[in-house]
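Please read the briefing below alongside the sequence and the coordinates, and check each statement against the atoms as you go.

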Number of protein chains: 2
Amino acid sequence: MTYHTLENGITAARGFVAAGIHCGIKMAKKDLAILLSEVPAVAAGVFTKNIVAAAPVVVDKVQLSRSTFIRAIVVNSGNANAATGERGMQDAWSMVKTTASALGVKAHEVLVSSTGVIGKFLPMEKIHAGIQDATGKLSRDCHRSSAEAIMTTDTFPKEYAVELSLKGTAIAIGGMAKGSGMIAPNMATMLAFVTTDACVSPAVLQHVLREASDRSFNRISVDGDTSTNDMVLLLANGAAGNPSLNSVSDPDYQVFYNALEHVLVYLSKMIVRDGEGATKFVEIRVTGAANEATADTAARSIANSNLVKTALHGEDANWGRILAAVGYSGIDFVPENVEISLGSIPILKKNFQIDFSEEEAKKVLTEKDITINVDLNQGNASASFWTCDLSKDYITINANYRT
Amino acid sequence: MTYHTLENGITAARGFVAAGIHCGIKMAKKDLAILLSEVPAVAAGVFTKNIVAAAPVVVDKVQLSRSTFIRAIVVNSGNANAATGERGMQDAWSMVKTTASALGVKAHEVLVSSTGVIGKFLPMEKIHAGIQDATGKLSRDCHRSSAEAIMTTDTFPKEYAVELSLKGTAIAIGGMAKGSGMIAPNMATMLAFVTTDACVSPAVLQHVLREASDRSFNRISVDGDTSTNDMVLLLANGAAGNPSLNSVSDPDYQVFYNALEHVLVYLSKMIVRDGEGATKFVEIRVTGAANEATADTAARSIANSNLVKTALHGEDANWGRILAAVGYSGIDFVPENVEISLGSIPILKKNFQIDFSEEEAKKVLTEKDITINVDLNQGNASASFWTCDLSKDYITINANYRT
């Protein structure tokens with residue numbers, strides 16, 4: 001399925017405006033963004049499972065449990081407001097209230113998000129001033145400055161939007177994301193904010209976001225489950241005027257799901273491409289699995305192997321490391337039945353038959369984009385996972401991140 | 001507890017002889033070792049859980065299920081005989097039979113082990129000749145050449161032995177190991193062979209080996225569960241003449257257990273110190289846990305975090321990454337109660353109080369040996385895990401291992 005793409009990222013859907021400004025958390029770069037829906041929007045959220053959840057994660061869970069409708073999201077970068085205790089919670093609530101009052105909306109209609117260094121208190125005076133500043137700049141044109149304002153170690157802003165038709169009504173789905181910058185599934189902070197002008201019921205919106213996130217943000221080597229601050233928020237304001245999507249058995253559900261998954265996968269891939277020190281973009285595709293969970297587990301294990309990632313960096317067709325990573329993934333399979341190819345070059349056939357040209361494999365591996373196909377030959381399910389190589393630059397960047 | 005150490009490693013215990021020679025699997029270095037017990041020895045083994053188990057792992061499990069008593073172990077390095085299918089199995093059995101016939105013992109009394117490159121057939125002619133050669137050189141003095149013959153990317157041989165007293169009888173426990181050379185828990189190949197002249201019943205020997213391995217080889221960042229070839233073999237030949245240790249409730253059990261754990265931890269630490277590209281030796285000690293499993297899980301998560309490992313390489317007191325790694329480990333705990341120290345310098349106190357001298361922390365971090373203490377303040381259980389930092393040399397070594 002190909003989609004007609006739109007320019008405006010987070011403001012591609014009707015009825016959304018945004019702003020991204022510099023308020024002084026960072027030295028010079030933009031560090032605060034506000035997103036506003038002109039009418040109350042149904043909201044859904046997916047949050048980190050890390051038990052050390054940052055204050056904004058706790059606040060947003062409370063907000064979403066109290067109100068289904070949200071008007072605005074305020075985001076700062078440069079400081080994660082994580083491991084900041086009681087004072088951090090007060091600061092997060094203060095961001096919510098200040099934003100609500102600046103925008104003239106209710107406090108329970110505002111969500112908050114933070115990313116950056118852990119364990120430092122937010123500079124609240126700067127943030128309050130920044131919220132006022134951003135409020136004055138809200139516009140449909142400011143999608144890119146918003147995408148820039150949520151960046152940390154990202155080297156480019158990440159935004160994407162598409163148009164589709166639901167029962168003849170044109171609707172838009174667009175969003176922005178920030179990469180963790182991390183190429184291993186550790187405490188990567190991954191944020192994504194997505195808007196749509198479709199009319200979707202709260203239960204369906206939460207369901208579709210969870211499903212699509214599991215096949216996108218949770219399938220990159222920046223594990224959405226593991227940072228203190230990770231979140232994906234989706235607002236649907238109904239401005240398109242389509243008949244409300246109220247059931248997962250509505251035929252339109254799959255149409256909407258497919259488009260949302262497409263947008264989230266696109267944003268996910270941008271995050272991987274911007275992985276710290278990454279020189280390769282790698283798709284791990286596991287096919288012939290008994291079920292999707294098996295394929296997912298095998299692909300994840302390969303993608304998270306430091307040995308596979310360093311071999312890819314070294315452009316070495318090391319099928320042994322790939323097979324071994326499947327072997328310790330915990331799935332049940334018959335090693336003799338596994339077939340592995342690099343792009344279109346088979347490097348392992350059934351019964352451990354190895355008969356490939358190292359030259360041809362090398363040619364595939366010198367490309368920037370590499371696909372590893374692993375066929376388990378046990379069923380019809382499949383899953384893709386996206387990752388990058390492990391380079392010396394990763395060490396350099398992360399050895400001195402805090403200082 | 002301190003022990004009197006002995007010189008002879010794998011041949012420290014009475015009644016064991018060994019040899020390590022070069023047979024031509026590798027270009028020039030030693031690549032084949034034989035260990036022989038002069039009398040049948042009770043044998044116990046702990047093996048990789050990787051579903052892609054190498055041929056020698058399969059063969060040894062069969063051997064141990066058929067016979068409790070073992071006379072000899074034959075080991076080659078340079079080729080793992082893994083992912084080699086039916087022919088690999090034949091080759092492993094052939095190593096067993098050739099060794100049995102060279103030594104004049106029964107075929108069911110011989111175990112086999114391999115380590116090295118995956119997916120290549122063994123050069124059987126060279127190996128058969130090597131077995132004859134090694135048989136002629138068996139001696140109590142050849143412990144070190146044996147330890148050298150099982151090395152792959154190891155930079156030094158690893159052997160250790162101690163003496164202790166069981167009900168007044170002096171017994172010895174000694175062994176040799178090879179490191180995976182890997183500093184992440186991936187497909188590390190870790191081999192260890194341990195001998196004792198104590199008299200121990202088969203059931204007790206298997207139990208004590210499993211327990212001690214779980215607190216040593218399974219607590220280093222070379223995960224014994226994940227390679228295709230990992231194994232730990234323990235032979236007890238009873239040459240010391242002590243009354244047989246037949247029960248885990250015998251007071252001597254704990255005495256023997258402690259000494260065995262001490263030997264296995266010592267060998268484990270040598271493996272970590274020889275981690276590829278390692279510049280730091282790091283002990284992660286989790287205390288105040290509700291139970292040992294919780295402490296183990298938390299310590300393991302910290303030790304396997306690429307972000308913690310790169311921060312250590314960069315000598316950065318990044319407590320946020322340590323706390324976050326506990327947060328995504330899956331254990332239940334209260335983040336506000338956690339206290340973290342580097343050596344004797346507290347870097348995180350309760351309620352996220354951070355008040356330490358970066359200078360003092362830096363001083364601890366510039367040392368080659370670093371201890372990270374994490375107190376969960378929830379109970380009295382603890383666990384230690386040993387790992388090393390993640391350096392650029394790791395990338396260099398692993399990017400082109402196969403070629």
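The notes that follow are grouped by topic, beginning with the sheets and moving on to helix packing and single residues. The model is predicted, and the descriptions below should be read in that light.

**The five-strand sheet of chain A**

- Chain A holds an open sheet of five strands, arranged in the order S12-S11-S13-S10-S14, and the pairing within this sheet is mixed.
- At the edges of this sheet are strand S12 (345-348) and strand S14 (381-388) of chain A, each of which pairs on one side only.
- Averaged over neighbouring strands of this sheet, and with direction ignored, the turn of one strand against the next is 20°.
- Strand S10 (residues 281-289) of chain A is joined to S14(A) by seven bridges, and the two strands pair in the antiparallel sense; within this pairing, Ala289(A) is the residue that stands opposite Ala381(A) in S14(A).
- Helix H6 (residues 251-273) of chain A packs on the sheet, where it touches S10 and S14 of chain A, and the direction of this helix makes about 40° with that of S14(A).
- Helix H10 (residues 358-365) of chain A also packs on the sheet, touching strand S11 (339-342), S12 and strand S13 (369-375) of chain A, and its direction makes about 115° with that of S12(A).

**The five-strand sheet of chain B**

- In chain B, an open sheet of five strands is found with the order S12-S11-S13-S10-S14 and with mixed pairing.
- Strand S12 (345-348) and strand S14 (381-388) of chain B stand at the edges with a single partner strand each, so that one side of each strand is left without a neighbour in the sheet.
- The average turn between neighbouring strands of this sheet, with direction ignored, is 20°.
- Strand S10 (residues 281-289) of chain B runs parallel to strand S13 (residues 369-375) of chain B, and seven bridges join the two; in this pair, Ile284(B) is placed opposite Ile372(B) in S13(B).
- As general background to both sheets, strands pair through backbone hydrogen bonds, in either a parallel or an antiparallel manner.

**Helix packing in chain A**

- Helix H7 (residues 292-303) of chain A packs against helix H9 (residues 319-327) of chain A at an angle of about 130°, and the axes of the two helices are 8 Å apart.
- H7(A) and H9(A) are therefore oblique to each other, and their crossing is right-handed.
- On the H7(A) side the contact involves Ala298(A), Ser301(A) and Ile302(A), which meet Ile322(A), Ala325(A) and Val326(A) in H9(A).
- Sorted by class, the residues in the contact of H7(A) with H9(A) are five nonpolar, one polar and no charged.

**Helix packing in chain B**

- The axes of helix H7 (residues 292-303) of chain B and helix H9 (residues 319-327) of chain B come within 8 Å and cross at roughly 130°, which makes H7(B) oblique to H9(B).
- The crossing of H7(B) and H9(B) is right-handed, and the contact is made by Ala298(B), Ser301(B) and Ile302(B) of H7(B) together with Ile322(B), Ala325(B) and Val326(B) of H9(B).
- By class, the contact of H7(B) with H9(B) comprises five nonpolar residues, one polar residue and no charged residues.

**Lys167 and its positive phi**

- Lys167(A), in the loop between strand S6 (158-166) and strand S7 (169-178) of chain A, has a phi near 50°, which is a positive value in a residue other than glycine.
- Because 12 other C-beta atoms lie within 10 Å of its own, Lys167(A) is exposed, the cut-off for that class being 12 or fewer.
- Lys167(B) lies in the loop between strand S6 (158-166) and strand S7 (169-178) of chain B, and its phi is positive, at about 50°, although the residue is not a glycine.
- Lys167(B) likewise counts as exposed, with 12 C-beta neighbours inside 10 Å.

**The surroundings of Ala53(A)**

- Ala53(A) has its place in the loop between strand S3 (32-47) and helix H1 (55-66) of chain A.
- Ala53(A) counts as buried because it has 22 C-beta neighbours inside 10 Å, where 20 or more are needed.
- When residues up to four places away in sequence are not counted, Ala53(A) touches Thr48(A), Val58(A) and Thr228(A).
- Ala53(A) and Thr228(A) are 175 residues apart along the chain, and their C-alpha atoms are separated by 4.6 Å.

Definitions and conventions. Residues numbered from 1 in each chain as written. Chains lettered and ligands numbered in written order. Predicted model: local features only at pLDDT ≥ 70, side-chain atom pairs only at ≥ 80, totals over all residues. Pairing = 2+ DSSP bridges. Helix = DSSP H or I, 4+ residues; strand = E, 2+ residues; numbered from the N terminus. Axes fitted to C-alpha atoms, helices over the stretch in contact; angles between N-to-C directions. Parallel < 35°, antiparallel > 145°, perpendicular 65-115°, else oblique. Left-handed = near helix turned anticlockwise from the far one by under 90°. Contact = placed C-beta atoms within 7 Å. Nonpolar A, V, L, I, M, F, W, Y, C, P; charged D, E, K, R; others polar.
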